[in-house]
Amino acid sequence: MKIQLNGENFSCDDKTTLEQLIKQMGLFGKRIAIELNEEIKPADQFNTIQLKEGDTVEVVQAIGGGQPDDLVVAGQSFSSRLLVGTGKYKDMAETQTAIEMSGAEIVTVAIRRTNIGQNPGEPNLLDVISPDKYTILPNTAGCYTAKDALRTCRLARELLGGHKLVKLEVLGDEKTLFPDITATLESADILVKEGFDVMVYTNDDPIIAKRLEEMGCVAVMPLAAPIGSGLGIRNPYNILTIIENAKVPIIVDAGVGTASDAAIGMELGCDGILMNTAIAHANNPVLMASSMKKAVQAGREAFLAGRMPRRRYASASSPLDGLI
């Protein structure tokens, strides 16, 4: 069922109790307060109060020095705003090292047919990128129909033991890898109704982005440029409009080529950046992963700080009073 948790769409099982919810959030045993539908609930009743479809839940705790600046997706908090993929590296060792250097906590993986003996020495990606250390984000990369995307998400949920968080992408063209918006909308609607937490790849159309949010997607992921192109953010004004209209995280997906592209995306106000090729196809992927981590952090801090106004003419930085 769907509830609103701290202002975000969140999926949980029917008849989930408040105690089960805070365990799922990793907050069990911590000093917190819970408001359910604008009514504060006593802590000694958390184990008996059951949630219902459409409930609004606020979970609060005391913090020092202002609000933490975490990325929150489907009720889960992440200190890193950089999400990374696992494809295109030369080997598993490079994949592992680059991802570690990126500082990413959310890692995307493709779902493919298993090795049945044709490559007996081939390692399993999940042996290298452990679900105990990272939040695994299965994606539907390579799917060109709603049917294939739905099938892949359902298999991923089974593979990962009931995992609900998925990245949906339904492609419409092999040359550009632009999304098939009709199939994306169809797939997203079905997956949300089936209880998935859907992070969705889409184009940079603000109307489509808002529609996907209203369907219940937990994050909208507009492209900056074609997948793997490295062209950077081609239409910053559309991305900015999407951000201004959104109540869910907006994560730029595809098109980033270097650190400055990532910083620009974050300076616009994006909640995060997802990339793969920009790191994996760099001359030194491990070093590029480190630079992307810093670029995302710098861009976020610049956005929070607020840039100076642009001026047509010069403005002296040194005071004129007392000039000799």
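A residue is buried when its relative accessible area is under 20%, exposed when that area is over 50%, and partly exposed in between, using a 1.4 Å probe and protein chains only. The model is predicted, so local features need pLDDT of at least 70 and side-chain atom pairs count only at pLDDT 80 or more, whereas totals for chains, interfaces and linings use all residues. Residues are numbered from 1 along each chain as its sequence is written, and side-chain values use heavy atoms, with hydrogens and water left out.

**Exercise 1. The cover of α8**

Determine how many of the ten residues of helix α8 are buried, and what covers them.

Solution. Begin with the limits of the element: α8 spans residues 259-268, where helices (H or I, at least four residues) and strands (E, at least two) are DSSP runs numbered from the N terminus. Seven of its ten residues are buried, and the helix is thus mostly covered. These residues are A259, D261, A262, A263, G265, M266 and L268. The cover over them includes α7 (236-245), β15 (272-275) and α10 (285-305). After the helix comes G269, with a positive phi near 115°.

**Exercise 2. The packing of α4 against α5**

Describe the geometry of the pair α4 and α5, and then the residues that make the contact.

Solution. Two packed helices are described by the angle between their axes and the distance between the axes. For α4 (residues 146-159) and α5 (residues 181-193), the angle is about 35° and the axes are 9 Å apart; axes are lines fitted to C-alpha atoms, for helices over the stretch in contact, and angles run from 0 to 180 degrees between N-to-C directions. The crossing is right-handed, a term for a near helix turned clockwise from the far one by less than a right angle. On the α4 side, the contact (heavy atoms within 4.5 Å) is made by A146, A149, L150, C153 and R154, and on the α5 side by A183, E186, S187, I190 and L191. Sorted by class, the contact of α4 with α5 holds seven nonpolar residues, one polar and two charged.

**Exercise 3. The five-stranded sheet**

Work out the strand order of the open sheet, and explain why β2 and β4 each have a side without a neighbour.

Solution. The order is β2-β1-β5-β3-β4, and the pairing is mixed; two strands pair if DSSP finds at least two bridges between them. Because β2 (8-11) and β4 (39-41) stand at the edges with a single partner strand each, one side of each has no neighbour in the sheet. On average, and with direction ignored, neighbouring strands are turned by 35° against each other.

Next, take β1 (residues 2-5) and its two partners. Towards β2, the strands run antiparallel and are joined by four bridges, with I3 standing opposite F10. The hairpin of β1 and β2 has two residues between the strands, and in it N6 adopts a positive phi near 50°. Towards β5 (residues 56-60), the strands run parallel and are joined by two bridges; here Q4 is opposite T56, and L5 is opposite V57.

**Exercise 4. Two loop residues, T86 and A224**

Decide whether T86 and A224 are buried or exposed, and place each among its contacts.

Solution. T86 sits in the loop between β8 (82-84) and α2 (92-102), and it counts as buried because its relative accessibility is 14%. Its side chain reaches the backbone oxygen of T108 at 3.0 Å. Beyond four places in sequence, T86 touches T95, I99, V107, T108, V109, L125, I129 and N276.

A224 belongs to the loop between β13 (219-222) and α7, and with a relative accessible area of 4% it is buried. Leaving aside neighbours within four places in sequence, its contacts are G232, I233, R234, V252, D253 and A254. Of these, R234 is ten residues away in sequence and 6.0 Å away in space, C-alpha to C-alpha.

**Exercise 5. Positive phi at two lysines**

Find the phi values of K15 and K88, and state the accessibility of each.

Solution. Most residues other than glycine have a negative phi. K15, in the loop between β2 and α1 (18-24), has a positive phi near 65° and is exposed at 59% relative accessibility. K88, in the loop between β8 and α2, has a positive phi near 75° and is partly exposed, with a relative accessible area of 45%.

Note on methods: Ala, Val, Leu, Ile, Met, Phe, Trp, Tyr, Cys and Pro count as nonpolar, Asp, Glu, Lys and Arg as charged, and the others, Gly among them, as polar. A polar contact is a pair of N or O atoms within 3.5 Å; within protein, one must be able to donate a hydrogen and the other to accept it, and residues adjacent in sequence count only if both atoms are side-chain atoms.
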